[in-house]
Amino acid sequence: MRPMKTLLATLALSTATPAWACGQSTHVWIGIEAVQYLPDGPLKALLQEDDLLVYRINGAMFPDGGYSPLTQDDYGEQAHWEPFQTAYLDWIKDTWDPPYTDPEARQHIAFLMGLAAHGMADQMFDGIYLTRSLLTYDGEARWDASVSGADTATDVALCIRQGRQPLVEDVVPYDTMVEVFDRYGQPTGRDVMMRGQASLRLAITYIGNLSEDPEESAAYDAEFPWANGHIDDPDVPGSPKEMQVGLAGYWTTLWDRLNDDFDPTAEAIFQTWPADGSYDHPTDALSIEAQVSVGLSRAVDLDTVTTDRVQVLGPDGTPHPIDLRMYYGNGSNILNLWPTDDWADDTVYTVSIGPGITSFDGQTIDAAQTFTFSTGPAPEPPSCGCASTGGGLFAAPLLLGLALIRRRR
Ligand SMILES: [Zn+2]
């Protein structure tokens, strides 16, 4: 039986709305953990500085503060998305120069990476993971019957499996946020943002406590057996664990932008589902696992994402019929596409992205970027008696796909 909610509980839980998207503890966990997937280099070194962790955690929380009943302010929604985050990135670039050795610059970069972790996590979680839960594995009936909502239930589930997440001091750079929101054209007060962040701290405390009560937490955990059961599964597309690889890739593109070293063509894609060169992709057009998702490094101008610029080519170069959708529409990053006819058996397909796809602020993919997947089995490992069978990462058949369904905007 679900215990009666206290007022405090109601407040704590309602700070995580909308019902899609990651909860606060999940955001913190992703923002902390994804660093391990960065390549060694200056960004990883920056994000591994102990003093800066608290800035990244605060950034990974910050956007949802606008949904709190104590704020109800659109600053939160805007802070999720690349246009606002780009205004902040540009502010950092205008204030300091690479290689960003100034301690204050490094604090802002850590906070920016937290914001980016939050926004991109929500996009991947909703567009790739929760759609699987809704459409196939948990099903609409469970979604309709849910008392807590998927955001809260999955947040509890994450803490049950990975432990409660740290409650750190509030180090949000409020004065800078006021300045950047001004630049962005949406003036926002310091007080409202402070109330928002306080609400998120409450949510982390509440969910952490809840997760440590076996009886109470079990009710939440039972609501979405699949989504909760795979919450930290590295093999399920878009799970909070699996998405950390993609997030690290996206962080790298932000670092390159900070350093004026970003190539909008060569770095157009930060992650694909399935992975490049994977095998055993399901053929059934009606299966959610037959679908393909692409993480685009720049938030798009939706009008430029067209079927002549996004194609899936068979071995002879003939386009396979597909539908496509940017999951969150204009100014977002996750592209979902799926076959309208079954994929052919034992066939290698090439997904081609661009040229001509343009970001919201005018950066264009100049040449097609491609990746492949096969509906056939992976080749047998060589029977040479070698110590290693080779293949490694890219030979691992990853299940992937995506779907689209709802738009927050
Ligand atoms: Zn959010």
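In this predicted model, helix α10 (residues 174–184) packs against helix α11 at an angle of about 120 degrees, and the two axes lie 10 Å apart. An angle of this value makes α10 oblique to α11, and the crossing of the two helices is right-handed. On the side of α10, the contact is made by Y174, M177 and V178, while R190, M193 and M194 take part on the side of α11. Sorted by class, the residues of this contact comprise five that are nonpolar, none that is polar and one that is charged.

Helix α11, which spans residues 190–211, also packs with α2, here at an angle of about 95 degrees and with the axes 8 Å apart. Because angles from 65 to 115 degrees count as roughly perpendicular, α2 and α11 are described as roughly perpendicular to each other. In this contact, Q24, S25 and V28 of α2 meet L200, A203, I204, I207 and G208 of α11. The residues involved divide into five nonpolar and three polar, with no charged residue in the contact of α2 with α11.

Helix α2 (residues 24–33) has a further packing partner in helix α7 (residues 103–137), and the pair meets at an angle of about 120 degrees with axes 9 Å apart. The helices α2 and α7 are therefore oblique to each other, and their crossing is right-handed. The residues that make the contact are H27, I30 and G31 from α2, together with G114, A117, H118 and A121 from α7. By class, three residues of the contact of α2 with α7 are nonpolar and four are polar, whereas none is charged.

Turning from the helices to the strands, the model contains an open sheet of four strands, arranged in the order β1-β2-β5-β4 with antiparallel pairing. In general, the strands of a sheet pair through backbone hydrogen bonds, and this pairing may be either parallel or antiparallel. At the edges of the four-stranded sheet lie β1 (269–273) and β4 (322–326), each of which pairs on one side only. From one strand to the next, the twist of this sheet averages 15 degrees. Within the sheet, β4 and strand β5 (residues 334–339) run antiparallel and are joined by five bridges; D323 stands opposite W338 in β5. Helix α7 packs on this sheet, where it touches β1, β2 (292–296) and β5, and the direction of α7 makes about 10 degrees with that of β5. Helix α14 (residues 243–258) likewise packs on the sheet, touching β1 and β2, and its direction makes about 160 degrees with that of β1.

A three-stranded open sheet is also present, with the order β3-β6-β7 and with antiparallel pairing. Its edge strands are β3 (310–313) and β7 (369–374), each pairing on one side only. When direction is ignored, neighbouring strands of this sheet are turned against each other by 20 degrees on average. Strand β6 (residues 348–353) and β7 run antiparallel and are joined by six bridges, and the bridge partner of Y349 is F373 in β7.

At the level of a single residue, S146 is placed in the loop between α8 (140–145) and α9 (150–162). With 16 other C-beta atoms within 10 Å, S146 is partly exposed, because a residue counts as buried at 20 or more such atoms and as exposed at 12 or fewer. When residues up to four places away in sequence are left out, S146 touches A153 and E223. The C-alpha atoms of S146 and Y220 are separated by 8.9 Å, although these two residues are 74 residues apart along the chain.

For the protein chain as a whole, the secondary structure comes to 14 helices and seven strands. The chain has 409 residues, of which 47% count as buried. Among the contacts in the protein chain with a separation of 6 or more, 78% are accounted for by residues that are 24 or more positions apart.

Technical notes: Residues are numbered from 1 along each chain as its sequence is written. This is a predicted model: local features need pLDDT of at least 70, side-chain atom pairs count only at pLDDT 80 or more; totals for chains, interfaces and linings use all residues. Axes are lines fitted to C-alpha atoms, for helices over the stretch in contact, and angles run from 0 to 180 degrees between N-to-C directions. Angles under 35 degrees count as roughly parallel, over 145 as roughly antiparallel, 65 to 115 as roughly perpendicular and the rest as oblique. A crossing is left-handed if the near helix is turned anticlockwise from the far one by less than a right angle, and right-handed if clockwise. Two residues are in contact if their C-beta atoms, placed from the backbone, lie within 7 Å. Ala, Val, Leu, Ile, Met, Phe, Trp, Tyr, Cys and Pro count as nonpolar, Asp, Glu, Lys and Arg as charged, and the others, Gly among them, as polar. Two strands pair if DSSP finds at least two bridges between them.
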